[in-house]
Amino acid sequence: MHDIVISKERIKIELKKIMIFFVVAFILNIYSIIKYNTKWIEIFTQLHWVMILTGVLYVFSLIILGIKLLVQFFRK
Amino acid sequence: MLKDKSKREFLKISSLAAVASLFPWISILAQNNKTKSPSDKVKLAIIGVGSRGYGLMANIKYMIENDSANVEIAAVCDNYQPHYERAIKDCGNPKVKAFYDYRNLLEMQEIDGVIIATPLYEHAHIAINSMKAGKQVFCEKSMARTLDDVKAMYDTHIDTGKILQIGHQRLFDPKYLEAIQRIKKGEIGIIGQIRAYWHRNSDWRRKLPNGRPDLEKKINWRLYRDFSAGLLTELGSHQIQVANWVMGKTPKSVMGTGSIRYWKDGREIYDNVSTIFSYNDGTQFIWDSMTSNRKYGLQEQIMGDLGTMELETNKVFMESPPAAPGIRELINDIEHFVFDNIPIGGATWVPETAIKYKGEFISEKWEMDETKLQLEAFVEYIREGKAPEILTREGYNASIWTLLAEQAIDIGKKLELPEKYQI
Ligand SMILES: NC(=O)c1ccc[n+]([C@@H]2O[C@H](COP(=O)([O-])OP(=O)(O)OC[C@H]3O[C@@H](n4cnc5c(N)ncnc54)[C@H](O)[C@@H]3O)[C@@H](O)[C@H]2O)c1
């Protein structure tokens with residue numbers, strides 16, 4: 001079996017994606033503070049939820065990527 | 001010096017004693033006057049060392065071992081041989097005096113106070129004779145089997161000036177004290193209803209010694225009407241005391257119903273009881289008890305227009321719960337949007353089921369045992385020669401209304417308290 005090599009480029013792309021999802025989740029937290037009229041301190045106190053959301057979005061992106069690859073594989 | 005644990009307890013108690021006007025019976029526990037001088041040792045006797053009496057004895061032993069009270073178990077009394085012998089063996093005092101007949105015990109001049117934990121029908125004459133013999137009295141709840149006996153006990157307490165403390169330990173339970181303090185401050189608003197229940201799924205029987213069916217009524221006295229009012233006096237009296245305490249007054253009337261629904265085993269007391277006590281401001285206290293289902297267990301629910309307190313489990317539920325963090329609400333909304341079914345047909349209204357909200361704790365968790373605290377207080381009251389009158393009144397009112405509820409059930413009528421029992 002071949003070793004799986006993850007290129008530097010790939011790692012950079014994945015880290016960028018995670019950063020973007022973190023920013024999206026962070027903005028969602030700010031949006032929900034405004035929408036539900038809760039306390040601004042939640043920007044910090046709810047950071048754990050922002051992290052969880054980041055993870056969820058990232059997993060979603062992986063699932064979508066997986067589906068895309070599968071479709072490409074069968075079309076070949 | 002107090003040991004470390006006692007010191008911590010003492011500090012917590014002190015914080016409650018700060019509201020001494022609400023709980024005058026607690027302040028004595030906060031006074032650091034626990035002397036060790038042998039001449040100041042309080043000498044106690046325990047009359048009736050069955051299940052509860054043995055437990056109280058264990059509490060006193062614990063107090064002695066932990067230096068939380070300068071006290072001695074000087075005498076024990078029980079008219080049932082196995083309990084009599086067990087008490088001598090386990091009381092922790094090799095010089096303890098033991099009696100089968102409590103009247104002989106009352107002749108011991110050195111006894112300062114007696115703890116009575118005999119069956120309900122054996123409370124009144126023992127308590128009355130003890131007070132008349134100059135002893136301070138701690139008597140287990142409920143006070144007595146009949147209204148007249150309850151009143152006679154109270155009258156003797158007034159005439160002799162002796163302490164008559166009744167074993168309603170919730171009066172010493174820190175979580176109840178904190179809850180009542182917050183209720184009195186108006187935290188849960190105007191109380192409209194109090195609901196309490198005590199549900200068990202057991203026959204409530206104690207096993208008889210082999211080959212001794214003649215001991216049935218001696219051991220299972222709770223199941224027979226000459227000796228007990230069953231669930232009402234044994235369980236309900238605690239919760240009626242709590243309801244009166246919350247309301248700061250006694251009910252105006254009571255009605256109820258009872259039946260032997262499940263345990264058709266020769267018992268005479270109801271195994272299924274429901275009662276409604278009404279207060280003059282319109283508040284209703286609904287109490288029920290059964291012995292063939294235990295899903296809901298034991299609870300006192302105090303329901304105000306701003307919130308509900310559930311005292312046994314130390315929880316408060318506000319009517320408008322504190323908002324969840326915004327992001328949680330957003331996630332919830334998204335979840336509902338994605339996963340909730342779109343109803344096709346079915347009910348056009350949403351049933352008013354209970355609000356799903358887990359509430360907050362009323363008070364932090366306490367390590368203290370309220371039964372021990374009430375005994376420690378009894379020892380201190382003996383030292384002072386008096387106890388706050390409200391303690392006796394709480395016991396009196398709980399006992400009187402418990403027995404009145406029994407009468408209301410028996411005659412199927414709504415009853416008010418006859419004037420002769422008002423104090
Ligand atoms: N506060 C509480 O939470 C609590 C809990 C349990 C019981 N209790 C009360 O404690 C009392 C006793 O209940 P129990 O479960 O221990 O009953 P029990 O039957 O286990 O014990 C009663 C004891 O009293 C003895 N006794 C009866 N008549 C006597 C007499 N004339 N002189 C001396 N001893 C006598 C019996 O032999 C027995 O050992 C009852 O009033 C009960 O309501 C209170």
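I began with B:Ser142 and found this residue in the loop that runs between β5 (136-139) and α7 (147-160) of chain B. I note at the outset that the model is a predicted one. I then looked up the peptide bond from B:Lys141 to B:Ser142, and it is cis, with omega near -25°. Most peptide bonds are trans, and most residues other than glycine have a negative phi.

With that in mind I turned to chain A, where A:Asn37, in the loop between α1 (8-35) and α2 (42-45), has a positive phi, near 55°, although the residue is not glycine.

Next I went to the ligand, which I found in the largest pocket. I listed the residues around the ligand, 26 of them, and those that come nearest are B:Asp78, B:His83, B:Arg206, B:Arg222 and B:Glu234. Sorted by class, this shell has nine charged, 10 polar and seven nonpolar residues.

I also asked which parts of chain B supply the shell: domain 1 (7-171 + 368-399) and domain 2 (176-314 + 405-421) each give at least three residues, and among the helices, α3 (51-65) and α10 (231-247) each give at least two.

For polar contacts I checked the oxygen atoms of the ligand. One ligand oxygen is 2.6 Å from a polar side-chain atom of B:Arg206, while B:Trp221 has a polar side-chain atom 2.8 Å from a ligand oxygen, and an N or O atom in the side chain of B:Gln169 also lies 2.8 Å from an oxygen atom of the ligand. I finally looked up how far the ligand is covered, and of the 850 Å² of accessible area that the ligand has on its own, the protein covers 91%.

Technical notes: Residues are numbered from 1 along each chain as its sequence is written. Chains are lettered from A and ligands numbered from 1 in the order in which they are written. This is a predicted model: local features need pLDDT of at least 70, side-chain atom pairs count only at pLDDT 80 or more; totals for chains, interfaces and linings use all residues. Side-chain values use heavy atoms; hydrogens and water are left out. A residue is near a molecule or strand if one of its heavy atoms lies within 4 Å of it. A polar contact is a pair of N or O atoms within 3.5 Å; within protein, one must be able to donate a hydrogen and the other to accept it, and residues adjacent in sequence count only if both atoms are side-chain atoms. Accessible areas come from the Shrake-Rupley method with a 1.4 Å probe; for residues, only the protein chains shown count as cover. On a 1 Å grid over the protein atoms alone, a cavity is a set of points where a 1.4 Å probe fits but cannot get out, and a pocket is an open set with protein on both sides within 12 Å along at least five of seven lines; lining residues have an atom within 4 Å of a point. A molecule sits in a cavity or pocket if more than half of its atoms lie within 2 Å of its grid points. Helices (H or I, at least four residues) and strands (E, at least two) are DSSP runs, numbered from the N terminus. Ala, Val, Leu, Ile, Met, Phe, Trp, Tyr, Cys and Pro count as nonpolar, Asp, Glu, Lys and Arg as charged, and the others, Gly among them, as polar. Domain bounds come from an automatic or database domain assignment.
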